Amino acid sequence: MEYFPFVVVVWILCVGLYGVVTSRHLVHQIICLIVVQSSTYVLLLGVGYVTGAVAPYYFDVPVHTPAVDPVVQALALTDVVVEAAVTALLLSFAIQAHKRFGTLDPQELASLKG
Amino acid sequence: MDQLLALVVAVPLLAAAAITAAGPLLGERRRILDALAIVVAAASTVMLVVIMVRTAGRDEVYWFAGFRPSGGVAIGIDFEAGPLSAGLAALAALLVTAAMTFSWRYFERVATYYHTLMLTFLAGMTGFCLTGDIFDMFVWFELMGVSAYALTAYRPEERGPIQGALNFAVTNSVGAYLSLSGIAVIYGRTGALNMAQIGAYIGRHPPDGLVTVAFLLIISGLLIKAAIVPFHFWLADAHAVAPTPVCVLFSGVMVELGLYGIARVYWSMFGQALGHRAAISHLFVALGVLTAVVGALFCFRERHVKRLLAFSTISHAGMFLTGIGLLTPLGLAGTAVYVIGHGLVKAALFLCTGIVLHRLGSVNETWLHGRGRQLRVTGVVFTLAGLGLADLPPFATFLGKGYLDQSAWAHGLPWVMPVFIICAILVGGAVLRVAGGVFYGLGDPPSEDSQMAKMAAEEKSETESGKQRTPLTMLIPAGALTAAAIAVGLIPQLGQVVQAAAVRFEDQAGYNATVLAGAHITHPVALAATEPAGITLSAVLAGLGSAIGALVLALAALYWRRLPLLRRGYEPGAGLTGPIQRFQSGVLNDYITWIVLGLACLGGVLTAVIR
Amino acid sequence: MIAAAHTPYTVPIGFMDALQVTILILVAAGATAVVLTRRHVHQVLVLSVYGILLAVLFLAFQAPDVTLSELTVGAVALPIILLLTLAKVRKREE
Amino acid sequence: MTPAQRRWVSAVGIAGLAAFYLWGLSGLPGFGDYPGPYGFIVLHLAVKQTFATGIVSAVNFDYRGFDTVGEEFILFAAAAGTGVVLRRLRGERERSAVDEAADRDVPATSDAVRMVALLFTGPVMVVGWWLTSHAQANPSGGFQGGVILATAFILVYLSGEFVVLKRFSPVALTEAVEAAGAGGFAAIGVAAVPMGLAYLTNYLPKGQFAGAVSSSGTIALISFFVGLEVGAAFILIIGELLEQTLLIRQGDR
């Protein structure tokens, strides 16, 4: 258990990268990029975890109850926003690419461009 | 408490929001907003110059929301401004101002998006330069990135911009996520995000796998942004198709920001922990020299003027990385001066290319041959800037390059100087060949390369009307930037002042004390000794030699087919076409493959070095 | 500070471990499935499921805030914009 | 490279990168042994300093509020970028809504779906609002609330009223709201400056009871503006895509 979450992190990253590299369709490629980024959430939350601790909310538990690290959670939240923003932008590129090129295969895009 | 450091980021952001909100209300009177955007960028430039001058004696630290560190632990985010970081941000703001002035009469009007994105881009660059917090750095890096991707695709009605923007966005996003992974890894060890605090923590122990991996992951995004071989492929695709005023920012300062990031991360976090090993210095120098040579060769072969300038940027990025990688104050100081000179000159070259595109509607060197004769002033500015790019004294480029070479020489790398002179000759020769052919009609048009012609044909005029004359708003920024590049080179004692700043930048203990304890470091101590930073004869000769060499090379390329001695039909650099098409394939998947493979190799080398 | 975790609010550690390992395995499998699904609309649905798995994992990591974001973004908003894109792209492929 | 070459080269690269990465991760303290100090210090101080019981919100909107400013503007820039890229270009025309309804691939929305979607819109907006306004207390905040508010928009679309909706939320207005959200956040920060406080200082009274809706000073206010910005940005992005999918056709070129 000690390092299992981190092995999963590496696995997600590598699977995502493999997908990005082998993809033949831009939307598929963008989704693989989402997978690459999802490895960072797991890593962030993984490094901030404290065994047996509660979530960092003191609404209904006494203050000073041991809690997991709130900082990585804030970072992960920022990360989620970044993901949404970048994905939206990339998808708008993909739509235009499809209009201009009539295809979404990166290989064909490159050869059609000139 | 002094608020300037916060305002340099807050003001452009507020202005971006205000312009978006007010745009539809003003209708046809939107020129007011254009003017507002230019004024804000100019004001940012002034504020950053003030900060740069003010920090000449000591660095300034600003804690957001007033959360000061206690006991060496930071709980808030800080900005840490020194002359080098503020100076680079000031260059960025200056180029944004110039680019927006240039585009006053340039674009078909599309709501207010252009100005909004330019201002968020500026805020991102400024924040990236000044921040002292590693996660905050990632945030500004992403803001810079997202704005830049969108600006690249500013003309979505054409094929090139969309494809270039996609390659740019995906490669840089992969890099950013790897950087974020590195940040998370180092956070898992140190429980800190403040760079000084992390540096202090990991500096106590000899480096292990975690530190090495975090270092490589964090700089991977920056290496991609800095277009270091083999992570450089996206750059030519994106620079060739982005609107010309945006290219000014991409080439003039965004790539350099990636390099700045590497220097910042090294000198405030990892330097002490990695022990400033010679092997690491050599690794950076090797990468830098490789990039410089590859960029220069590709640059000389190119016929698409914007791509040509893009490859020249790659070549220069390699030289900058070499300067940083020497790990000496003079190397860093030389790089800083070189970055300023190069940024100004390269911006002027792109602006002139923009004028050519505006007036003549093409960027194909072969087609343009002899057609730019009536653009006299533009031709003069372009030629001057081209000479500046080839390190002609007294352009600031020659000074920076001179320091860099001198420091390399003093640290047992004498071969760096001749290699870089050759690179400067190739790059300068390519640019001057364009100048001589397009503006003066010298020699023969270079042979048509069908592939490149096709690409250049995609690049149509970006402007709508009024092509009969060049508006002054386009010409003045280009001329002013060239003049500024000369003026910077003429500042007396520039070398000593910048070297003093570089010493402070490379003083990790001093940086720690400044940030975490609010200390006032008057006598920073860098790891390597300072060196005399005057204008040496060898620097002048090297600069003159590069410029003359570049001129000769340009003339030789133009009159190649008339030289009786040489075999006809042989085209200089023709042998490079194959590799260019093979590697610079434009296929996103290839680029990511090279990035992954390059990182794996770098990881292997670093593992061997650390063990 | 950490050792004093004997409040009634903590979950038995063994149970938590098993839960986390199970979900981690599911997440790893989910990521693989997302990448290997080559039919586009299917892939978006798999991505949505992956988003939910991640959200559950974050809950098990005691991060309800991130769970909520991942649910709203990863499992709802992103699949919607992806589906819209695919709808646009498919129409022209006919 | 051919796809096969690429597969092999990348397999080597990914394997090398994975090994290297694992080597680094093996240096972490094991899972569940977060060493601190950052998070523990924040946990210790946050309730006292900010009167917020949702510590993640305290970090996001106060301790590391400056990150969140940048984050909001990333979304802002992305929305502007989507606007740039998907703007109506020459040669593209907008189909009338009637035309569009006739040959839509999907069968026309049934009345039941419309009713359900419309019925859900209200509650979804309430939930979004609640999340946006309770950042300081619970696992919630402007971001999640904003996204949920934007999904209310999608429900209206599902109910088949996109064209109606477009009339009621024109792009210019949404953009203005978005700008107000992002700019408002930055402006709250700047407001501290004339008071002689650092940018983004939490200068409002923090209330008497930790976790109450009116507690925690600027945290609640910032959360509100973030909600505005995020909601408007998502509405803009989704709106652009909807417009592409439903209304815009390629003209003859």
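Of the 94 residues of chain C, 48% count as buried, whereas in chain A, with its 114 residues, the buried share is 76%. The model is predicted, and the points below take up chain C and its contact with chain D, then chain A, and then the nonpolar core in which residues of chains A and B are prominent.

**Chain C: fold and contacts**

- Chain C contains 3 helices and 0 strands, and following its sequence from one end to the other gives the pattern α-α-α.
- When the contacts within chain C between residues at least 6 apart in sequence are considered, 46% of them join residues at least 24 apart.
- Towards chain D, 15 residues of chain C are in contact with 19 residues of that chain, and the chain C side of this contact divides into 10 nonpolar, 3 polar and 2 charged residues.

**Chain A: fold and overall form**

- Chain A has 4 helices and 0 strands, which appear along the sequence in the pattern α-α-α-α.
- Taken along the principal axes, the box filled by the C-alpha atoms of chain A is roughly 65 × 30 × 15 Å.
- The radius of gyration of chain A is 19 Å, while a compact globule of 114 residues would have a value near 13 Å.
- Of the contacts in chain A with a separation of 6 or more, 51% are accounted for by residues 24 or more positions apart.

**Helix α2 of chain A**

- Helix α2 of chain A covers residues 26-47, and because a helix is expected to span 1.5 Å a residue, its 22 residues should extend over 32 Å, in agreement with the 32 Å that separates its end C-alpha atoms.
- In α2(A), 22 of the 22 residues are buried, so this helix is largely enclosed by the rest of the structure; a residue counts as buried here when 20 or more other C-beta atoms lie within 10 Å of its own.

**The largest nonpolar core**

- The largest nonpolar core holds 419 residues, and the members that touch the most others are Leu45(A), Ala85(A), Leu89(A), Phe93(A), Leu95(B) and Ala348(B).
- Leu89(A), one of these residues, is in contact with Val146(B), Tyr149(B), Ala150(B) and Ala169(B) in chain B, and with Ala78(D), Gly81(D) and Thr82(D) in chain D, when its neighbours within four places in sequence are left aside.
- As general background, nonpolar side chains in soluble globular proteins tend to be buried together.

How values were computed: Residues numbered from 1 in each chain as written. Chains lettered and ligands numbered in written order. Predicted model: local features only at pLDDT ≥ 70, side-chain atom pairs only at ≥ 80, totals over all residues. Helix = DSSP H or I, 4+ residues; strand = E, 2+ residues; numbered from the N terminus. Expected span 1.5 Å × (residues − 1). Buried ≥ 20, exposed ≤ 12 C-beta atoms within 10 Å, placed from the backbone. Contact = placed C-beta atoms within 7 Å. Rg over C-alpha atoms; globule rule 2.2 N^0.38 Å. Nonpolar A, V, L, I, M, F, W, Y, C, P; charged D, E, K, R; others polar. Core = buried A, V, L, I, M, F, W, Y, C linked by C-beta atoms within 7 Å.
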